[in-house]
Amino acid sequence: MLRNKTVGASLAVLASTVLIAGCDGWMGETSGEVDITAMSADELADYLVLETDSYRFEQEAQEGGSARDRMVQDGIQAACSIEGDPDSGTAGEVIAMARESYEAPPGGPRLGNWRRGAELARSGYGYRIGHRNDDHGTREAGGNCYACHQMDPAEELYGTLGPSLAGYGATRGNDSSVVNYVHQVVSNPHQYFPCTKMPRFGRNNFLSEEQIAHVMAYLLDPDSPVNQ
């Protein structure tokens, strides 16, 4: 079930307008075959997205499967399809599912090359489908960390959805307990922040273990500009 009430309400207004105007075929159905005015905003949003061929769901996705497969929620996504913050019961359920699915890399987490990590943190490339799919065969996917976090204190362009990570390694160090914790958060942040907006980079294979090691080095290496 799609949960964006604002989008759903907007779609309801638009669809009602089209129905009143008598436009056939806009949604792959004639207005007489489906009574969209009887639908709730959530039901209409689901209908428009999933049932009307408005989106090319048969496109191949870079992670395998199809675009339609992306619409199937796993346990954490289903539990977090709520309005507002999760209650204590939901939060505990999400944390448990996240920790059960977490896998440390062979030999344990390690730090890679912070310069490569800087490139990955700034790159938002990857996993987009549409008329021009991202080609991972010619360009690797990035972490897009700056979309949500400040990292390098000298960087002026960054998002604020997540907390600032400037000086993260300088204040916390990079011993094994810190490295293990950071890996757990990057791989599946729901282990500590249930229903967070942060992607599960490791759990969903958005980044390889080698790439995660580089991003961790950018965050924790004392020579990284993040820690200057």
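This report covers the helices α4 and α8 and one pocket of a predicted model.

**Overall makeup**

The protein chain contains eight helices and zero strands. Read from the N terminus, its elements therefore follow the order α-α-α-α-α-α-α-α, with helices taken as DSSP runs of at least four residues. The chain has 228 residues, of which 39% count as buried, meaning under 20% relative accessible area. Among contacts in the protein chain with a separation of 6 or more, 53% are between residues 24 or more positions apart.

**Two helices**

The table gives the extent of α4 and α8.

| Helix | Residues | Number of residues | Expected span | Distance between end C-alpha atoms |
|---|---|---|---|---|
| α4 | 88-101 | 14 residues | 20 Å | 20 Å |
| α8 | 209-220 | 12 residues | 16 Å | 16 Å |

For α4, the distance between the end C-alpha atoms agrees with the span expected at 1.5 Å a residue. Its buried residues are Thr90, Ala91, Val94 and Ala98. These lie on the same side of α4, because they cover an arc of only 100 degrees around the axis. The spacing fits a general property of helices: with 3.6 residues a turn, residues three or four places apart point the same way. The buried residues of α4 pack against α3, which comprises residues 75-79. On the face turned away from this buried side, α4 carries the exposed residues Ser88 and Glu100.

Helix α8 is likewise close to the span expected for its number of residues. Of its 12 residues, 10 are buried, so α8 is largely enclosed by the rest of the structure. The buried residues of α8 are Gln211, Ile212, Ala213, His214, Val215, Met216, Ala217, Tyr218, Leu219 and Leu220. The elements covering them include α5 (114-122), α6 (168-172) and α7 (176-187).

**The second largest pocket**

The second largest pocket has a volume of about 190 Å³. Its lining is made up of Ser101, Tyr102, Glu103, Ala104, Ser187, Gly202, Arg203, Asn205, Leu207, Ser208, Glu209 and Ile212. By class, the lining residues divide into four nonpolar, five polar and three charged.

Both helices described above contribute to this lining. Ser101 lines the pocket and belongs to α4, which spans residues 88-101. Glu209 and Ile212 also line the pocket, and they fall within α8, residues 209-220. Of these, Ile212 is among the buried residues of α8. Ser187, another lining residue, belongs to α7 (176-187), one of the helices that cover the buried residues of α8.

Methods:
Residues are numbered from 1 along each chain as its sequence is written. This is a predicted model: local features need pLDDT of at least 70, side-chain atom pairs count only at pLDDT 80 or more; totals for chains, interfaces and linings use all residues. Side-chain values use heavy atoms; hydrogens and water are left out. On a 1 Å grid over the protein atoms alone, a cavity is a set of points where a 1.4 Å probe fits but cannot get out, and a pocket is an open set with protein on both sides within 12 Å along at least five of seven lines; lining residues have an atom within 4 Å of a point. Grid points are joined across faces, edges and corners, and a volume is the space filled by probe spheres set on the points. Ala, Val, Leu, Ile, Met, Phe, Trp, Tyr, Cys and Pro count as nonpolar, Asp, Glu, Lys and Arg as charged, and the others, Gly among them, as polar. Helices (H or I, at least four residues) and strands (E, at least two) are DSSP runs, numbered from the N terminus. The expected span of a helix is 1.5 Å times one less than its number of residues. Buried means under 20% relative accessible area, exposed over 50%, partly exposed in between (1.4 Å probe, protein chains only). The arc is that of the directions from the helix axis to the C-beta atoms. Contact means heavy atoms within 4.5 Å.
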